[in-house]
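Trainee: I am new to this structure and would like a close look at a single part of it. Could you choose one strand and take me through its surroundings with care?

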Amino acid sequence: MRQITDTILMIRPVAFRMNEQTAVNNYYQKVMDNLLPDTVNAKAQQEFDAFVDKLRAVGVNVVVVDDTVDPDTPDSIFPNNWVSFHENGDVALYPMFAENRRLERREDILDLLEEKGFAIENIVDYTSAEEDNIFLEGTGSIVLDRQNQKAYCALSPRAEEELFIEFCEDFEYTPVIFEAFQTVNGERKHIYHTNVMMCVAETFAVICADCIDDKKERKMVLDNLKSDGKEVILLTEQQLNHFAGNMLQVRGNNNKSYLVMSASAYQVLTKDQIAKIEKHTEILSSSLDTIEACGGGSARCMMAEVFLTKE
């Protein structure tokens, strides 16, 4: 199994803004009262386009799909929450916490990938769980170690344990389950997505272990990563506030790999952390300030990895 891919699906926004429905438990979102909605969207589009250009420049195959004005989907720029694409031809569709995010799921995007020659064998649809208010938001909720067939999940209002275990049974992953927290106004609150606090790459992992308050759980997660031969690079909670955990390793030209992150994430890394990462892979960063502030998500959230094989 490949851990990283050279093909990424990205959705270009048309009406990007702060989504009031997700702000209830995404504490990374910020209200930008001083900007008109059109200005926010225009800035997000500029950031998106520059990001895509940087990925393509190193040889990443980026499939860009334009969002539609109707229905209203302010968070469509984060497709990794509603869909994941797997090497065996399976596509998983996930139940989403925010009602307006459920409208992001589009069959025409799957049709487009098939038109581009990607083989979709089977659709595994978990979305009926929404009727029972049970959620699991794709590779936001689940961080996959595809090589070692392990799936990491920080439980939260958007990641329900039983459904996660069902996913692991369906896709033959060993579940690694824990809880992760951030401090919000002096209180410890669940981090909404696992991929905000950890990233599993081919030969290393970047993680904020301090978010895992339970010492046994923290040790269990770190032991899993180390036993699989990953060099563990630790982040601070302060660095997470700048989306340093929200990273994804991808493949470009000449089999070179890149750890992709936002400019704000890169700027808060220490020289030591950067040196550790660069022993394994190159770093590619791009400014995503507006997207991060309004959307509460960053570089990793914007990329849905395509592991499907070409026919």
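Mentor: What follows is a walk around one strand, its neighbours on either side and the turn beside it. Please keep in mind that this is a predicted model. The strand to look at is β15, which covers residues 257-262. Six of its six residues are buried, so β15 is largely enclosed by the rest of the structure; buried here means under 20% relative accessible area. If you follow the side chains along β15, you will find that S257, L259 and M261 point one way, while Y258, V260 and S262 point the other way, and that all of these are buried.

Let us turn to the partners, beginning with strand β14, residues 248-251, which runs antiparallel to β15 and is joined to it by four bridges. Within this pairing, Y258 of β15 has V250 standing opposite. The two strands, β14 and β15, form a hairpin in which five residues lie between them, and in that turn N254 has a positive phi of about 55°.

The other partner to look at is strand β16, made up of residues 282-286, which pairs with β15 in the parallel sense over five bridges. Here L259 is the residue to find, since its bridge partner in β16 is I283. Taken together, then, β15 has an antiparallel pairing with β14 and a parallel pairing with β16, and its residues are buried on whichever of the two ways they point.

Methods:
Residues numbered from 1 in each chain as written. Predicted model: local features only at pLDDT ≥ 70, side-chain atom pairs only at ≥ 80, totals over all residues. Heavy atoms only, no water. Buried < 20%, exposed > 50% of the residue type's maximum accessible area, 1.4 Å probe, protein only. Pairing = 2+ DSSP bridges.
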